Amino acid sequence: TDGELWPIAPFSAAAQVGLVNIALNSGGAPGHLPLVFATKHGILPSFPLLAASIAAGVPPQVTSRGVVLGERVISPDLGLYMPLRVLGPRGTVETISARSLTSGAVAVLGVTATGVGDTFGTPFDQITPGVELLASGIGQILGGPGLVRDGEIRRIDAGAVVLLGLAAVVLLAFLPIGWAMALVLLLTGGWLVATGLLFAGGYWLSAVLPLAGVLPVAAMTGWLRQRHERK
């Protein structure tokens, strides 16, 4: 980390400290929550992981299986980044009265102000407070709805790129061009439908990567096929 902002002494002396940070994807929307940080004070957990650990009453452990919290295993993406499942527009994460804190519930106290940059655009809402995203991450670590995007999912993405590309080459090389193009579009559309259905079920497969792999290959093979037939 760089440019860390730490709590003032009275707070840091009275409470545990976890780093607040949200990783944005290429479109500027929140995509991942880093779970562990290397800081100038050593290795520290993220704020959601620390809060979930306190709520669960067990310390987190980083193992070869992922981040273990009691009986729960969080399968992170590369670099111990947890894919963040945004639950909905602002207000989806319940706002409660401070009086209910005596009941033992987990609450996240946050302040959002103009100019501090603590609002994020999500597919549900263009102005989502960061505190709601962190609360979503805590709930996800504790067993709420989440997303799976780990090494196995990335291998499936890579396999889809190779298989769709090979299928496009074979179909366009040996079948009538009209049928071949229709089948390539059908396979590509089937992959897009599958990614949508699996995302709804909590599995984050890439839609863009296989398209980026199959479309140039299909275009080049189709062009070569037409050039060959014209000759």
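**Figure 1. The cavity count for this predicted model is one cavity of 30 Å³ or more.** A cavity is a set of points on a 1 Å grid over the protein atoms alone where a 1.4 Å probe fits but cannot get out. The largest cavity has a volume (the space filled by probe spheres set on the grid points, joined across faces, edges and corners) of about 40 Å³. The model is predicted, so local features need pLDDT of at least 70 and side-chain atom pairs count only at pLDDT 80 or more, while totals for chains, interfaces and linings use all residues. Residues are numbered from 1 along each chain as its sequence is written, and side-chain values use heavy atoms, leaving out hydrogens and water.

**Figure 2. Lining of the largest cavity.** Lining residues, those with an atom within 4 Å of a point, are Val86, Leu87, Gly88, Pro89, Thr92, Val93, Thr128, Glu132, Leu133 and Ser136. Five are nonpolar, four polar and one charged (Ala, Val, Leu, Ile, Met, Phe, Trp, Tyr, Cys and Pro are nonpolar; Asp, Glu, Lys and Arg are charged; the others, Gly among them, are polar). Helix α3 (helices are DSSP runs of H or I, at least four residues, numbered from the N terminus) gives the most to this lining, with three residues.

**Figure 3. The largest pocket holds about 1,400 Å³ of space.** A pocket is an open set of points with protein on both sides within 12 Å along at least five of seven lines. Of its 38 lining residues, Gly18, Leu19, Val20, Phe47 and Leu134 are the closest to the centre. The lining has 26 nonpolar, nine polar and three charged residues. Helices α1 (9-14), α2 and α3 each supply at least two of them, and the largest share, five residues, comes from α2.

**Figure 4. Helix α2 (residues 47-56) packs against helix α3 (residues 130-141).** Their axes (lines fitted to C-alpha atoms over the stretch in contact) lie 8 Å apart at an angle of about 50°. In the contact (heavy atoms within 4.5 Å), α2 uses Phe47, Pro48, Leu49, Ala51 and Ala52, and α3 uses Leu134, Gly137, Ile138 and Ile141. Eight of these residues are nonpolar, one is polar and none is charged.

**Figure 5. Helix α4 (residues 151-174) packs against helix α5 (residues 177-200).** The angle is about 165° and the axes are 9 Å apart. Residues in the contact include Ile156, Asp157 and Leu164 of α4, and Ile177, Met181 and Trp191 of α5. By class, the contact has 14 nonpolar, no polar and one charged residues.

Key. Axes fitted to C-alpha atoms, helices over the stretch in contact; angles between N-to-C directions. Helix = DSSP H or I, 4+ residues; strand = E, 2+ residues; numbered from the N terminus.
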